[in-house]
Amino acid sequence: MGTLIDTPLTLAALRFSYSGRMVLRDVSLVLRPGEMVALVGPSGCGKTTLAHIAAGTLAPDRGRVLRRYRRHGVVFQEPRLLPWATARDNIALPLTLDGVRPEEARHRAEEAAVRVALEPADLGKHPAELSGGMRQRVAIARALVVDPDFMIFDEPFGALDVVLRRRMQDIVIREVTERGLAGLFITHDLSEAARLAHRIAVMHPKGQGVLGSAVPPGRPGDRTERQLFDYVQSSLAGDPLFADLQSVDERAAPAVCGCDPIGVQRCC
Amino acid sequence: MSPRAAPLARLRERGEALPLALAEAGSRYGPGLAGLLLGLGLWQLGALSYGPFILPTPFATAKAVAGILGAPEGWAIVGATVLRVIAGLSLATAIGGALGIAAGYLPLLMRLLRPWATILLGMPAIAWVILTMIWFGPTHGAVIFTVAVMTTPVIFTGAAEGVLTRDRRLDDMARGFGGSAWARFRRVAVFQIAGHLAPVFAIALALSFKVAIMSELVTNVTGIGGALALARTHLDIDQALAWVALSVTALLVLEHAAVRPLRRRLERWRALGRG
Ligand SMILES: Nc1ncnc2c1ncn2[C@@H]1O[C@H](COP(=O)(O)OP(=O)(O)OP(=O)(O)O)[C@@H](O)[C@H]1O
Ligand SMILES: [Mg+2]
């Protein structure tokens with residue numbers, strides 16, 4: 001068991017409110033080295049907010065975020081690609097932001113594209129010309145291009161169909177097992193969590209802390225479909241930790257943030 | 001295919017593509033051309049019914065235009081107005097653009113400047129023409145200043161709106177990848193601001209011409225406005241209409257040479273995935 005020094009990410013007693021409405025309270029989570037933790041919880045419990053705090057795009061009102069990793073990559077709930085840039089330039093963006101020379105940025109973007117099985121022919125296309133799955137691949141490649149040692153995924157595959165979802169999960173599992181990538185994988189799908197995480201943490205349905213965590217048998221990548229199915233079934237049926245997750249499928253209409261980058265409506 | 005056959009085949013291909021290209025050009029420019037011809041027809045009818053002292057025919061106007069452009073002085077007059085427009089609008093773009101972007105990012109600056117932008121937007125152009133004539137006398141400076149002062153608030157508002165309506169989620173994304181404020185501005189925000197500013201800029205360009213000509217007319221500075229003033233004193237309707245036609249043409253040329261290509265580059269991606 002490592003000491004606190006080795007933990008790549010420690011979230012301690014986080015509290016966060018959106019204009020006075022508290023959505024996170026006493027949320028604490030400690031990740032071990034090389035550990036991919038899935039964070040599950042029903043819609044609206046504050047998972048995205050937590051991901052943004054972990055990624056540093058939101059600052060908590062209270063609590064601490066301790067990072068011991070070199071560099072993180074983030075895959076957001078929607079792909080968040082630059083609509084005017086090609087897939088290649090989108091993947092290269094984190095490098096461009098760093099001031100890496102364009103030649104090298106392009107080259108590294110193409111390498112990252114290979115890791116997510118993007119066709120070279122698609123790299124010259126704009127996001128509007130790509131399918132949903134390809135867009136999400138671009139978003140993953142963009143996160144991998146900086147060679148991160150920590151990854152934050154926020155329900156990256158929520159909008160994809162089952163087959164595509166499976167392929168994407170395999171890409172994540174490969175990165176985790178082959179490169180020892182630690183990270184936080186947010187999802188509301190328990191079987192997805194069980195497939196690709198070392199450990200599953202469950203969030204309180206109203207964002208009042210992390211209820212606890214469970215460790216599925218085996219390691220990501222070598223759990224069989226049968227094992228996964230049995231684990232999910234028995235957890236949902238018997239483990240009180242997952243009691244609130246059941247209601248997830250009838251997701252109460254989530255507060256989708258209506259945002260049109262072209263129109264007059266302000267973005268949130 | 002042998003290398004010698006290749007040009008032939010290419011030629012044939014081009015031959016087959018020609019009708020297609022013509023059809024495309026026809027559907028692209030046809031309606032606009034038809035509208036223009038209709039207008040010319042109405043003009044001709046008007047000229048016939050009111051007589052050449054009230055409304056000369058399009059042909060007479062074209063002849064007057066040809067006369068003006070036949071002499072180097074004619075080109076110099078058009079050039080003087082165009083250069084003043086370019087100078088005034090450049091000044092406005094530099095000042096209005098910089099202030100607008102700054103105000104978009106700094107709410108305090110926005111609150112400080114917005115009332116001024118509103119006041120300046122509401123000021124009638126003729127008021128500035130009179131004021132600058134008193135301040136600067138009948139000079140280049142007066143015309144350029146009037147153009148700049150009329151278009152600066154337009155550019156300012158466009159730039160500030162561009163910053164405010166940008167997609168914040170992209171900004172957050174870039175911050176999540178560790179982008180500094182400057183890098184996020186350069187790599188993510190600038191493109192969105194420019195996209196917002198391009199149509200505003202086209203409006204500002206048209207406004208610049210109107211203001212420049214009015215200012216030249218009142219101050220009697222050499223330029224299209226000055227030439228119009230002369231045509232008025234001589235009651236020369238042929239010349240007056242010719243100068244109007246020239247000023248509209250100059251605006252169209254400038255817009256197609258400078259603004260359109262920029263807009264096409266900025267907005268190319270919007271057409272993607274739509275059709
Ligand atoms: N920008 C915002 N302004 C105000 N309230 C917000 C904002 N973003 C989210 N919220 C609210 O905060 C709560 C948590 O939202 P969050 O997006 O973190 O949930 P989530 O767990 O990611 O949900 P989902 O599974 O649907 O993605 C919700 O009640 C939501 O309505
Ligand atoms: Mg979410």
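In the predicted model, chain B carries 25 positive and 13 negative side chains. The centres of these two sets are separated by 8 Å. The accessible surface of chain B amounts to about 15,600 Å², and carbon and sulfur atoms contribute 71% of that area.

The secondary structure of chain B consists of 10 helices and zero strands, giving the pattern α-α-α-α-α-α-α-α-α-α along the sequence. The radius of gyration of chain B is 24 Å, whereas a compact globule of 275 residues would have a value near 19 Å. Along the principal axes, the C-alpha atoms of chain B occupy a box of roughly 75 × 70 × 35 Å. Buried residues account for 39% of the 275 residues of chain B. Of the contacts in this chain between residues at least 6 apart in sequence, 73% connect residues at least 24 apart.

Within chain B, helix α9 spans residues 224-233 and is mostly covered, with seven of its 10 residues buried. The buried set comprises B:I224, B:G225, B:G226, B:A227, B:L228, B:A229 and B:A231. Cover for these buried residues of α9(B) is provided by elements including α3 (72-105), α8 (181-219) and α10 (237-271) of chain B. After α9(B) comes B:L235, which has a positive phi, near 50°.

Two positions in chain A were examined individually. The first position, A:K47, belongs to helix α1 of chain A, which covers residues 47-55. Because its relative accessibility is 4%, below the 20% cut-off, A:K47 counts as buried. A polar atom of the A:K47 side chain lies 3.1 Å from the backbone oxygen of A:P42. When neighbours within four places in sequence are set aside, the contacts of A:K47 are A:L39, A:V40, A:G41, A:P42, A:E155, A:I186, A:T187 and A:M203. A:P42 thus appears both in this contact list and as the residue whose backbone oxygen lies 3.1 Å from the side chain of A:K47.

The second position, A:L236, is located in helix α7 of chain A, spanning residues 225-238. A:L236 has a relative accessible area of 23% and is therefore classed as partly exposed, since this class lies between the limits of 20% and 50%. The C-alpha atom of A:L236 is 8.7 Å from that of A:L190, although 46 residues separate the two along the chain.

Definitions and conventions:
Residues are numbered from 1 along each chain as its sequence is written. Chains are lettered from A and ligands numbered from 1 in the order in which they are written. This is a predicted model: local features need pLDDT of at least 70, side-chain atom pairs count only at pLDDT 80 or more; totals for chains, interfaces and linings use all residues. Side-chain values use heavy atoms; hydrogens and water are left out. Helices (H or I, at least four residues) and strands (E, at least two) are DSSP runs, numbered from the N terminus. Buried means under 20% relative accessible area, exposed over 50%, partly exposed in between (1.4 Å probe, protein chains only). A polar contact is a pair of N or O atoms within 3.5 Å; within protein, one must be able to donate a hydrogen and the other to accept it, and residues adjacent in sequence count only if both atoms are side-chain atoms. Contact means heavy atoms within 4.5 Å. The radius of gyration is taken over C-alpha atoms; the globule rule is 2.2 Å times the number of residues to the power 0.38. Accessible areas come from the Shrake-Rupley method with a 1.4 Å probe; for residues, only the protein chains shown count as cover. Lys and Arg count as positive and Asp and Glu as negative; His and the chain ends are not counted. The place of a charge is taken as NZ of Lys, CZ of Arg, CG of Asp or CD of Glu.
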